[in-house]
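User: Could you take me on a close tour of the ligand site in this model? I'd love one connected account of what surrounds the ligand and where the site sits in the chain.

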Amino acid sequence: MKKINKVLIANRGEIALRIIRACKELDITSVCVFSEVDLEGIWVKKADEAYPIMGNPIDAYLDYERIVTLAKKAECDAIHPGYGFLSENADFARACKREGIIFIGPSAEHIALFGDKIASKNAMAEVGVPILPGTDEPLSSPEEGEAIAKEIGFPVIIKAAFGGGGRGMRIVYKAKEFKKLFDEAQNESMKYFARDEVFVEKYLENPRHIEVQILADSFGNVVHLGDRDCSIQRRHQKVVEIAPAPNLKDETRKELYRVATKAMFKLGYESAGTVEFLVDQDENLYFMEMNTRIQVEHPVTEIISGIDLIQRMIEIADGDKLKFLQEEIKFSGYAIEFRINAEDAQKDFAPHPGTITEYLSPGGPGVRLDTIAYKGYTIPAFYDSMIGKLIVFAIDWEGAVKKAERALCEYHIAGIPTNLPLHRQIVKDQDFKDARFDTGYFDKKLSTFNLEGQEQGKREEEKYRKLADLISSIKKNQVKVRQ
Ligand code: MV4
């Protein structure tokens, strides 16, 4: 008997629209909350019910007591947190449970465990996941850290135990700079996360960032849905994500799947989750982090596996068993996702809110667009700059890259600057085409890219003008002849 018939989506933008779509296909009523600046969002229009959260737009999607109270008043059975905002907030998951509302995600205990990078590493090591040499508890002093670093061997990396997005992280190449960088990492961690615990581990130069998608139900069934290469990042923000990782040995791929699924089974994990690994040049793999939420890049996995991850999360939260065994999951082709951001490459990719004055979306075979952008939409300044994701699919890597180039050229957005020109440069880059990239790719390539990017638009306008001139001159001649 279904327990979940009405879901509140504690999020906004493209992921809110994504969850609404999943609910519709499951005949579940969708409820969204929205801040004062989000009234024009299409997800607000598409949700079956929408409730405003008045006050400071920044807090609207973070005030979990208010959201839980609203969910109860709207008689929602469950809440889906999406990604970002409250999606990895254990207190939010606890508040839902306390109020008898199903949290569509893992247990609060697992959210808390994997929110602590030291406890995560220790837990994963215990269940047989390879980890990098380093400390298994917070450093008590820079002196202790330096001594351990000398044992490990430089370079090492200092990381905030409760950090994220690269904050509270410092790479140390020499002993004499350890104390300064330790203090910087600790201060940054305190500033952004109000926690100062830091640890140290061996630093891998330019590894690849490869992650494994997990789905687990409440009966102990755990499957993986393949892997994703997310190495193309800018300042710890993923820019392009690919499934499966191109250019990876089969034995490495199998080992990634084996350790990830075994670990999640042993830990009794439930719901969707992603185990992130660092893979070095010799394809040794090491646990990096575990994400206890659906991720931005989930569409590339959905496309190559044919499995709707949001719907499966809702079914798992409803107490259903997984409907497929590992051997029934088949993967085909390659999918590449391009995050479309309203940002200005000429201003160090600073977010650039504003109104979209022209909008033409790509389409055709192998193109998926998860976006809330439309002509006339005003992107608010209060949230992150991603306005959508362009995902392409083809049966082989070369075909996927070619399709990406075609779709990116077809995509036309005016009124605000976007990173479309950047993506158009990436898909033309020979190293990208040859699937030769790691986490150092972006920094290595950025200076070689021409980010003017308007050449595509100029060519189309020029062609249009010539055709218009041709028609008017034909009309003039016709008039002459008629006389
Ligand atoms: C690392 C690493 C190399 N060695 N850890 C951790 C947070 C994530 N966003 C990036 N992280 C990394 N952890 C060890 N031991 C490389 C990365 C990494 C990275 C580090 C610095 C600058 C850019 C990076 C991009 C991807 C991964």
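**The ligand and its surroundings**

Analyst: Happy to. Keep in mind that this is a predicted model. A good place to start is with the strands: strand 6 (156-160), strand 8 (198-202) and strand 15 (285-291) each contribute at least two residues to the shell around the ligand. In total, 15 residues surround the ligand, and the closest are Lys-159, Glu-201, Lys-202, Leu-204 and His-236. By character, the shell comprises eight nonpolar, three polar and four charged residues.

Three of those closest neighbours deserve a closer look, as their polar atoms approach nitrogen atoms of the ligand. Glu-201 does this through its side chain, with a polar atom 2.8 Å from a ligand nitrogen. Lys-202 instead uses its backbone: an N or O atom there lies 2.7 Å from a nitrogen atom of the ligand. Leu-204 also takes part through its backbone, where a polar atom is 2.9 Å from a ligand nitrogen. As for cover, the ligand on its own has 530 Å² of accessible area, and the protein covers 87% of this.

Now let's step back to the whole chain, which is divided into domain 1 (6-104), domain 2 (133-202) and domain 3 (208-459). The ligand lies between domain 2 and domain 3, because both of these give residues to its shell. To place the remaining domain, the centres of domain 1 and domain 2, taken over C-alpha atoms, are 36 Å apart.

Methods: Residues numbered from 1 in each chain as written. Predicted model: local features only at pLDDT ≥ 70, side-chain atom pairs only at ≥ 80, totals over all residues. Heavy atoms only, no water. Near = heavy atom within 4 Å. Polar contact = N/O pair within 3.5 Å; in protein donor to acceptor, adjacent residues only side chain to side chain. Areas by Shrake-Rupley, 256 points an atom, 1.4 Å probe, with all protein chains shown as cover. Helix = DSSP H or I, 4+ residues; strand = E, 2+ residues; numbered from the N terminus. Nonpolar A, V, L, I, M, F, W, Y, C, P; charged D, E, K, R; others polar. Domains from an automatic or database assignment.
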